[in-house]
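The following exercises are meant for a reader who meets this structure for the first time. Each task is followed by a solution that proceeds step by step.

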Amino acid sequence: MPAKSIVRALAPRHPDRPFMEQVNIGMLGGGTVGSGVYHHWRCNGALMAARLGLRLHLSRVAVKALDEPRPYEIPRAVLTTDWQAVVHDPQVRVVVELVGGTTVARTMVLEALRCGKPVVTANKALLSAHGEELFAAARRAGVNLYYEASVAGGIPIIKTLREAFVGNRITHLYGIVNGTCNYILTRMKQEGADFADVLAEAQRQGYAETPPDLDVDGHDACHKTGILASLAHGFWVRPEHIHVEGIRQVSKLDMQFAGQLGYTIKLLGIVKELPAPGGGSRRARGPRLQVSVYPALIPNTHVLASVQGVFNAVFVRGDVVGDTLFYGRGAGKDATASAVLSDLADAALDLVHGSARRVPAFVAHENHGTVVPLGEVSSRYYVRLSVVDRPGVIAKISAILGAARIGIASIIQPEGHVGEVVPLILMIHDAPNAVMDRALARIARLPVVKAPPVRFRVESLE
């Protein structure tokens, strides 16, 4: 009997409703996210069936250990420790990978695709490291790879870029895509607290991992930003081409001064089109892109500045639609489960209606772009110096900046700081990052400068 006929035969029939086809799903991973997916499928499966006109059935779940603790219970009858049995089960038509990591998960996904089964994944690290390979494997198999849950949790940003904005060139994308960093920076701003103190409290409350490097050093945001950049611009952006800075260097002093200047500091993932050199055509050559992750000053008047706590937000500017904002919880078992269920619905509908590649997971554009090294990108800057409080200091600093053709927008020496060494705040006009780095290195060698300069870029979001 053909596989589809078997599924029809197994699907429960109800005398008071027409026949409804059932799609069996195998899930790899039953931990925090996996148990959340199972729980919410049990709660809302009937609602989804009514909306879709077909039933999703989570029939098998592969786990590392049958008795491991889970936030939500998964019945023992559907559990197995043999992931290959799930992938190769002829009754399973869609595979969900929620294992995490880039080794075993890669093997699992490639095997499922080789078997001709569409795959749903929430694995941002896997896509960042091996996305090009996985999308090619999906194309060869004639199936789709769904990855909504890999970026910004329950915010439907992947589907928006793939489908809703299909008629737009994405010129700017700014994302607050790491909830841990946003939680830490929010509390630093609201409470005037130090980074180390807030981080320790975040770890006690479970908002930050131990060690926290993946989050606070910007690597998690890098994975997500690279996926968004690749999808928006049609060529695979490798992690090594993304400039990454974390938030360890953000101090309560800088948060305070930024606030006085009308800004707040956020960790941003940035995907931004740059002007073509010499006024050339971007359509002929493909766009030149900045793809970066770093803490930046953004105006308090912009909506991104009001994104607080563990929430995420992605600001997207299209050449047709203009400015748009997507906001919501960016992580956790429930928000991520929502995105996984959405992808499962799409995968099942595509299968049942014979449109396995209705909207391809990733398509290379004809004139794809290039990622420009950050040194060649111009930015505005906030600079804080610790200087000796004596006449002539500002002149020495201005001379170095002037020689580098770097303009100063304003200089502020905050009142209330006494002693031999005081802070000096400079707001700097647009200058290439490499030029600014060299100038700051010269300034750091001045005898009147008593600590390494602190520099943050300023994003106007205009």
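The exercises below concern a predicted model, and they treat its sheets, a helix, aromatic pairs and backbone features in turn.

**Exercise 1. The open sheet**

Determine the order of the strands in the open sheet of six strands, and state which strands stand at the edges.

Solution.
Step 1. The six strands follow the order 3-2-1-4-5-6, and their pairing is parallel.
Step 2. The edges are formed by strand 3 (79-80) and strand 6 (145-146). Each has a single partner strand, so one side of each remains without a neighbour in the sheet.

**Exercise 2. Strand 4 and its neighbours**

Describe how strand 4 (residues 94-97) is paired, and decide whether its two faces are covered or open.

Solution.
Step 1. Consider strand 1 (residues 21-28): four bridges connect this strand with strand 4, in the parallel sense. Within this pairing, glycine 26 is opposite valine 95, and leucine 28 has glutamate 97 as its bridge partner.
Step 2. Consider next strand 5 (residues 119-121), which runs parallel to strand 4 and is joined to it by three bridges. Here valine 119 of strand 5 is opposite valine 95.
Step 3. Follow the chain between these two strands. From strand 4 it passes through helix 4 (residues 104-114) to strand 5, and the resulting β-α-β crossover is right-handed.
Step 4. Examine the faces. In a regular strand the side chains alternate between the two faces of the sheet. In strand 4, Val94 and Val96 lie on one side, Val95 and Glu97 lie on the other, and all are buried. Both faces of strand 4 are thus covered.

**Exercise 3. An enclosed strand**

Establish how many residues of strand 7 (residues 170-176) are buried, and identify the strands joined to strand 7.

Solution.
Step 1. Seven of the seven residues are buried, so strand 7 is largely enclosed by the rest of the structure.
Step 2. Strand 11 (residues 311-318) runs antiparallel to strand 7, with six bridges between them. Isoleucine 170 is opposite glycine 318 of strand 11.
Step 3. Strand 9 (residues 263-274) is also antiparallel to strand 7, and four bridges join the two. In this case glycine 175 has glycine 269 of strand 9 as its bridge partner.

**Exercise 4. The span of helix 2**

Compare the end-to-end distance of helix 2 (residues 32-52) with that of a straight helix, and locate the bend.

Solution.
Step 1. Helix 2 has 21 residues, and a straight helix at 1.5 Å a residue would reach 30 Å.
Step 2. The end C-alpha atoms of helix 2 are only 26 Å apart, which falls short of that value.
Step 3. A bend of about 65° is found in helix 2 at asparagine 44.
Step 4. Buried residues of helix 2 include Tyr38, Trp41, Gly45 and Met48.

**Exercise 5. Aromatic rings**

Classify the pair formed by phenylalanine 135 and tryptophan 236, and state which parts of the chain it ties together.

Solution.
Step 1. The model contains seven aromatic pairs. In the pair under study, the ring centres of phenylalanine 135 and tryptophan 236 are 5.6 Å apart and the planes form an angle of 65°. Planes over 60 degrees apart count as edge-to-face, so phenylalanine 135 and tryptophan 236 make an edge-to-face pair.
Step 2. Phenylalanine 135 belongs to helix 5 (residues 124-141), whereas tryptophan 236 belongs to the loop between helix 10 (219-233) and strand 8 (243-244). The pair therefore ties together parts that are 101 residues apart in sequence.
Step 3. Both phenylalanine 135 and tryptophan 236 are buried. Together with Tyr147, they are linked into a cluster by ring pairs.

**Exercise 6. Backbone features**

Describe the phi values of alanine 152 and leucine 461, and specify the peptide bond between threonine 210 and proline 211.

Solution.
Step 1. Alanine 152 lies in the loop between strand 6 and helix 6 (157-164). Its phi is positive, about 65°, although alanine 152 is not a glycine. With 1% relative accessibility, alanine 152 counts as buried.
Step 2. Leucine 461, in the segment after strand 17 (454-458), has a positive phi near 60°. Its relative accessibility is 4%, so leucine 461 counts as buried.
Step 3. The bond between threonine 210 and proline 211 is a cis peptide bond, with omega about 0°. Proline 211 is placed in the loop between helix 8 (195-204) and helix 9 (213-216).

Notes:
Residues numbered from 1 in each chain as written. Predicted model: local features only at pLDDT ≥ 70, side-chain atom pairs only at ≥ 80, totals over all residues. Heavy atoms only, no water. Buried < 20%, exposed > 50% of the residue type's maximum accessible area, 1.4 Å probe, protein only. Pairing = 2+ DSSP bridges. Right-handed = clockwise from strand over helix to strand, strands pointing away. Phe/Tyr/Trp six-rings, centres within 6.5 Å; stacked < 30°, edge-to-face > 60°. Expected span 1.5 Å × (residues − 1). Bend = angle between axes of the 7 residues up to and from the residue.
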